[in-house]
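The following exercises are to be worked with the sequence and the coordinates at hand. Each task is followed by a solution in steps.

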Amino acid sequence: MRRLALLVTLLVVALILIAFAGGAIQWNREAPYRMAQAWGAEGSGPGQFHEPTGLAVSPDEVFVADARNRRIQVLGLDGAYRREFGAEVLERPMNLSWRSGRLYIADFFADAILVFTGQGTLVQRIEAADGLSNPGGVDAFADGTVLVADTYKHRVVKLAVDGRVLGSWGRVGEVGMRAGRFNYPTDVVIRPDGGFYVADGYNDRIQQFGADGQFVRRWGGPFGLNVSGPYKGWFATASSVAVSDQSVFVADFHHDRVQKFDLSGRYLTSFGLPPPGALTHSALAVAAGDDASVWVSNFARHRVERWVPAN
């Protein structure tokens, strides 16, 4: 009996430690957000979407990767439709980035990064010298070099504008759970200090790297070791990541929510809507605006949402 009691006690302690390590026992350090506005419905007309997959926000516009319609739609900050472009060259636009007056698009089916002006002129097509395989996300440095979440190669790669490989993280073509390894990474975003965060999609976590490319930390589930769950700070497919001055936002796709963290990965709050159907999911991409708004592409409802702090 003593041995059984000891085993039970050890099991309880272990579960508590795992819960603390993964963030299950947490509280909201900030109030949740509320949805202020929503635009769009399923379709192919102006202001309609078919499975929107990516977002980017400029000071006065929102760019939406309207994936199944193979185009980018541009909205004003009030949600009003302004224009669209890219249908003649895009195959499956995914996560987007707006940097230095340019829109960077990870094209999942084209295995390339396409760069447009805000008005829709294609100015560059970047293909890795060693080939991309279904890239899911991209961000750009000030000199035009890009970081790419090279999803099916299980790596993050830094490319020059001519496609030369300047750096690579992860083991090409191999899934891994250890620090600096990936399992279908879906997105990447650069910090103001030159470091970056990776949405390590099927490892259900975020990984952070410094400006020198060295691993800093990981979070999501117990010790960031590919354990999914509905708890605060845990993920089930981290599909998009965005950074503001002091916060990191993560689209937690299979939990139909966006989670907010500080720059060190400490959980702050979460928000979202349940899916409209049993087998559909909502929050696929997230982008942070300059006015504290958070923009979300609602995959299941074929629309774009603007969320604001509740207090």
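## Exercise 1: A nonpolar surface patch

Task: State which residues make the nonpolar surface patch of about 290 Å², and classify Leu225 by its exposure.

Solution. The model under study is predicted.
Step 1. Met177, Phe223 and Leu225 make the patch.
Step 2. Leu225 lies in the loop that runs between β17 (215-219) and β18.
Step 3. Partly exposed residues fall between the 20% and 50% limits of relative accessible area. Leu225 has a relative accessible area of 35% and is therefore partly exposed.

## Exercise 2: The protein as a whole

Task: Describe the secondary structure, the burial and the exposed surface of the protein.

Solution.
Step 1. The protein contains one helix and 24 strands.
Step 2. Its chain has 311 residues, of which 55% count as buried.
Step 3. About 13200 Å² is exposed, and carbon and sulfur atoms supply 54% of this area.
Step 4. When contacts between residues at least 6 apart in sequence are considered, 46% of them join residues at least 24 apart.

## Exercise 3: The largest nonpolar core

Task: Determine which elements give two or more residues to the largest nonpolar core, and list the contacts of Val250.

Solution.
Step 1. The largest nonpolar core has 14 residues, and those with the most contacts inside it are Tyr197, Ile206, Val241, Val248 and Val250.
Step 2. Two or more residues come from each of β15 (196-200), β18 (238-243) and β19 (247-252). The greatest contribution is that of β18, with three residues.
Step 3. With residues up to four places away in sequence not counted, Val250 touches Ile206, Phe235, Ala238, Ser240, Val241, Arg257, Val258, Gln259, Phe261 and Val286.

## Exercise 4: Strand β14 and its hairpin

Task: Establish which residues of β14 lie on each side of the strand, and in what sense β14 and β15 pair.

Solution.
Step 1. Strand β14 comprises residues 187-190, with Asp187 and Val189 on one side and Val188 and Ile190 on the other. These residues are all buried, and both faces of the strand are thus covered.
Step 2. The pairing of β14 with β15 is antiparallel and extends over four bridges.
Step 3. Val188 stands opposite Val198 in β15.
Step 4. The hairpin of β14 and β15 has five residues between the strands, and Gly194 takes a positive phi near 95° there.

## Exercise 5: Salt bridges and their exposure

Task: Give the number of salt bridges, and decide whether Arg68 and Glu51 are buried, partly exposed or exposed.

Solution.
Step 1. The count comes to 18 salt bridges.
Step 2. Arg68 and Glu51 meet through their side chains in a salt bridge of 2.8 Å, N to O. The pair links distant parts of the chain, 17 residues apart: Arg68 is in the loop between β3 (61-66) and β4 (71-76), and Glu51 is in the loop between β1 (33-39) and β2 (52-57).
Step 3. Arg68 has 46% relative accessibility and so counts as partly exposed. Glu51, at 17%, counts as buried, because buried means under 20%.
Step 4. Arg164 forms a salt bridge with Asp162, with the closest N and O atoms 2.9 Å apart. Arg164 counts as partly exposed at 47% relative accessibility, whereas Asp162 counts as exposed at 52%.
Step 5. In the salt bridge between the side chains of Arg205 and Asp200, the N to O distance is 2.8 Å. Both Arg205 and Asp200 are buried.
Step 6. Glu61, Arg82 and Arg83 are joined into one network by salt bridges that share partners.

## Exercise 6: Two strand residues

Task: State the exposure of Ser297 and of Tyr81, and list the contacts of Ser297 and of Tyr81 beyond four places in sequence.

Solution.
Step 1. Ser297 belongs to strand β23 (residues 294-298). Its relative accessibility is 0%, so Ser297 counts as buried.
Step 2. The contacts of Ser297, neighbours within four places left aside, are Pro52, Thr53, Gly54, Leu55, Ser282, Ala283, Leu284, Ala285 and Arg303.
Step 3. Tyr81 is in strand β5 (residues 81-85) and counts as partly exposed at 33% relative accessibility.
Step 4. Under the same exclusion of residues up to four places away, Tyr81 touches Pro46, Gly47, Gln73, Val74 and Leu75.
Step 5. Tyr81 and Pro46 are 35 residues apart along the chain, and their C-alpha atoms are separated by 6.7 Å.

Terms used:
Residues are numbered from 1 along each chain as its sequence is written. This is a predicted model: local features need pLDDT of at least 70, side-chain atom pairs count only at pLDDT 80 or more; totals for chains, interfaces and linings use all residues. Side-chain values use heavy atoms; hydrogens and water are left out. A nonpolar core is a set of buried Ala, Val, Leu, Ile, Met, Phe, Trp, Tyr and Cys residues joined through side-chain atoms within 4.5 Å. Buried means under 20% relative accessible area, exposed over 50%, partly exposed in between (1.4 Å probe, protein chains only). Contact means heavy atoms within 4.5 Å. Patches are made of residues with over 30% relative accessible area and no salt bridge: like charges are joined within 9 Å, nonpolar side chains (Val, Leu, Ile, Met, Phe, Trp, Tyr) within 5 Å. Accessible areas come from the Shrake-Rupley method with a 1.4 Å probe; for residues, only the protein chains shown count as cover. A salt bridge is a side-chain nitrogen of Lys or Arg within 4 Å of a carboxyl oxygen of Asp or Glu. Two strands pair if DSSP finds at least two bridges between them.
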